[in-house]
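Hi,

Here is the structure I said I would pass on. Have a look at it first, and then read my notes below.

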Amino acid sequence: MMASSRKWALGGSLLLAVGLCAPVVSTPPSGAIAYWQSGNEPVFIVALMVATALLAASNEMKHILTAGLAAFGIVGFSFLRMLYVLTVSRRHIAEGTGNPETGLAEAVFASAHVMWGWAALFLGAALLMFAGWKSRRTRN
């Protein structure tokens with residue numbers, strides 16, 4: 001029988017995998033953009049996801065909390081960076097009045113929105129932190 005903290009860790013790894021492929025932002029001309037298409041951070045999430053799954057499968061649970069905290073930090077940084085880029089882009093477009101292309105750009109960035117992939121990523125990282133915390137609590 002598998003310990004419940006191992007199940008939580010494997011579930012967190014699975015949610016991180018879902019979040020990697022899930023849409024995180026949507027803009028009209030390009031459609032939905034997945035997290036794995038957004039810079040270098042997904043590489044670290046994949047490494048943490050694989051490491052966590054291997055640690056949980058081999059019942060080495062003492063580093064799961066650290067991996068969960070790292071995943072939460074990376075996902076949080078990516079989320080805040082995306083919000084910052086959207087906000088700055090909207091501000092720069094609003095300042096560029098008089099340009100005929102400004103109206104189109106305003107429409108594009110006004111309709112850009114956050115999608116459900118972030119929830120999967122944050123929940124996966126939270127499950128990893130919970131699994132690490134739970135394994136430390138039951139060990140002591």
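Before the layout, a word on terms: helices (H or I, at least four residues) and strands (E, at least two) are DSSP runs, numbered from the N terminus. Also keep in mind that this is a predicted model.

With that in hand, the overall order is easy to follow. The protein chain has 5 helices and 3 strands, and from the N terminus on they come as α-β-β-α-α-α-β-α. Of its 140 residues, 37% are buried. Among contacts with a separation of 6 or more, 73% join residues 24 or more positions apart. The accessible surface is about 7900 Å², and carbon and sulfur atoms account for 69% of that.

Now the strands. They form an open sheet in the order 2-1-3, paired antiparallel. Strand 2 (31-34) and strand 3 (113-114) are the edges, each pairing on one side only. Strand 1 (residues 23-27) meets strand 3 over 2 bridges, in the antiparallel sense. If you want a spot to zoom in on, find Ser26, which stands opposite His113 in strand 3.

Helix 2 deserves a closer look. It covers residues 41-57, and at 1.5 Å a residue its 17 residues should span 24 Å; the end C-alpha atoms are indeed 24 Å apart, so the two agree. Which of its residues are buried? They are Glu41, Pro42, Ile45, Leu48, Met49, Thr52 and Ala56. Those residues cover an arc of only 120° around the axis, which means they sit on the same side of helix 2. The general rule behind such a pattern is that an α-helix has 3.6 residues a turn, so residues three or four places apart point the same way. Over on the other side of helix 2, Val43, Phe44, Leu54 and Ala57 are exposed. Just after the helix comes Asn59, with a positive phi near 65°.

Last, the interior. The largest nonpolar core has 23 residues, and the members touching the most others are Ala9, Leu16, Tyr35, Ile45, Trp118 and Leu121. Two or more residues each come from helix 1 (4-21), strand 1, helix 2, helix 3 (64-95) and helix 5 (117-139). Helix 3 gives the largest share of this core, with 6 residues. And what does Leu121 touch, leaving aside residues up to four places away in sequence? Its contacts are Leu16, Gly19, Leu20, Val24, Tyr35 and Val75.

Cheers

Notes. Residues are numbered from 1 along each chain as its sequence is written. This is a predicted model: local features need pLDDT of at least 70, side-chain atom pairs count only at pLDDT 80 or more; totals for chains, interfaces and linings use all residues. Side-chain values use heavy atoms; hydrogens and water are left out. Two strands pair if DSSP finds at least two bridges between them. The expected span of a helix is 1.5 Å times one less than its number of residues. Buried means under 20% relative accessible area, exposed over 50%, partly exposed in between (1.4 Å probe, protein chains only). The arc is that of the directions from the helix axis to the C-beta atoms. A nonpolar core is a set of buried Ala, Val, Leu, Ile, Met, Phe, Trp, Tyr and Cys residues joined through side-chain atoms within 4.5 Å. Contact means heavy atoms within 4.5 Å. Accessible areas come from the Shrake-Rupley method with a 1.4 Å probe; for residues, only the protein chains shown count as cover.
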